[in-house]
Amino acid sequence: MQKVTQKKPRYEMHKYWGKKPSKNLLELLKRYSKESEVVLDPFAGYGVFVSEAYLNGRIAIGNDLNPTASFIQKQLLISDFDPVEFKKAIDNILTSLKEKNNYWFLTNCQLCRNDAIIISTLRSREGKPLRNKIKCNCSKKTIEQNINDINLNILKRKENNCKLQDHPS
């Protein structure tokens with residue numbers, strides 16, 4: 001199955017399960033409506049149709065029962081949205097979280113001994129970590145590896161020293 005890409009950064013800022021390709025929706029808009037006409041999308045989802053209609057001079061009305069979808073639609077229609085600035089903001093957030101991310105999710109690959117990222121951890125019913133699924137540059141696929149005693153002790157120390165902070169309301 002071929003991966004559908006939107007080709008426009010504004011439609012790539014969020015994954016959404018029912019997103020349609022903007023190129024196809026734009027063709028429908030141009031074929032069946034004229035500039036300044038009203039178009040309605042009662043099941044707007046991500047809002048690609050509404051966004052393309054607005055950007056191409058139509059009066060667009062979109063609706064969706066899902067509040068997440070409605071929020072995303074509003075973000076798409078913000079007139080001063082700048083994909084470059086959005087990417088900079090995301091990069092700043094990722095940079096600030098890198099140290100914490102490495103603290104919790106960096107491990108050694110047992111195949112090549114290089115650093116690898118923990119994707120998920122399988123635990124026993126009692127909560128004891130058993131296996132990690134990791135991503136390492138030595139493989140295109142994820143790797144499952146048992147957690148050895150050294151890594152188990154390191155993880156236990158980290159978890160025991162972790163202090164959760166209350167989030168101010």
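Let's start at a ring with a charge over it: the charged end of Lys-158 sits over the ring of Tyr-103, 4.7 Å from the ring's centre. Bear in mind as we go that this is a predicted model.

Tyr-103 has another partner too. A pair of aromatic rings is described by the distance of the centres and the angle of the planes. The structure holds one aromatic pair. Its members are Tyr-103 and Trp-104, with ring centres 5.2 Å apart and planes at 90°, so this is an edge-to-face arrangement. How exposed are the two residues? Tyr-103 comes out at 40% relative accessibility, which makes it partly exposed, and Trp-104, at 28%, is partly exposed as well.

Now for helix α4, which covers residues 83–105. Leu-97 has its place in this helix, and it belongs to a nonpolar patch on the surface together with Phe-86, Ile-90, Ile-93 and Leu-94. Taken together, the five residues of the patch offer about 430 Å² of accessible area. Leu-97 itself counts as partly exposed, because its relative accessibility is 43%.

On to the loops, where a couple of backbone angles deserve a look. Ser-36 lies in the loop that runs between α1 (22–32) and β1 (38–41). Its phi is near 75°, a positive value in a residue other than glycine. With a relative accessible area of 56%, Ser-36 is exposed. Arg-113 gives us another case: its phi is near 70°, again positive in a residue that isn't glycine. You'll find Arg-113 in the loop between β3 (106–108) and β4 (115–123), and at 60% relative accessible area this residue is exposed.

Last stop, the cysteines. How many disulfides does the model have? The count comes to zero. Cys-136 is in no disulfide, and the nearest cysteine sulfur, that of Cys-112, is 3.5 Å away. A disulfide would need the two sulfur atoms within 2.5 Å. So why is Cys-138 not bonded to Cys-136? The sulfur of Cys-136 is the closest cysteine sulfur to that of Cys-138, but at 3.7 Å it is too far for a bond. As for their surroundings, Cys-136 is buried, with a relative accessible area of 3%, whereas Cys-138 is partly exposed, at 40%.

Methods:
Residues are numbered from 1 along each chain as its sequence is written. This is a predicted model: local features need pLDDT of at least 70, side-chain atom pairs count only at pLDDT 80 or more; totals for chains, interfaces and linings use all residues. Side-chain values use heavy atoms; hydrogens and water are left out. Patches are made of residues with over 30% relative accessible area and no salt bridge: like charges are joined within 9 Å, nonpolar side chains (Val, Leu, Ile, Met, Phe, Trp, Tyr) within 5 Å. Accessible areas come from the Shrake-Rupley method with a 1.4 Å probe; for residues, only the protein chains shown count as cover. A salt bridge is a side-chain nitrogen of Lys or Arg within 4 Å of a carboxyl oxygen of Asp or Glu. Helices (H or I, at least four residues) and strands (E, at least two) are DSSP runs, numbered from the N terminus. Buried means under 20% relative accessible area, exposed over 50%, partly exposed in between (1.4 Å probe, protein chains only). Rings of Phe, Tyr and Trp (its six-membered ring) pair if their centres lie within 6.5 Å; planes under 30 degrees apart count as stacked, over 60 as edge-to-face and the rest as tilted. A charge sits over a ring if NZ of Lys or CZ of Arg is within 6 Å of the ring centre and within 35 degrees of the ring normal.
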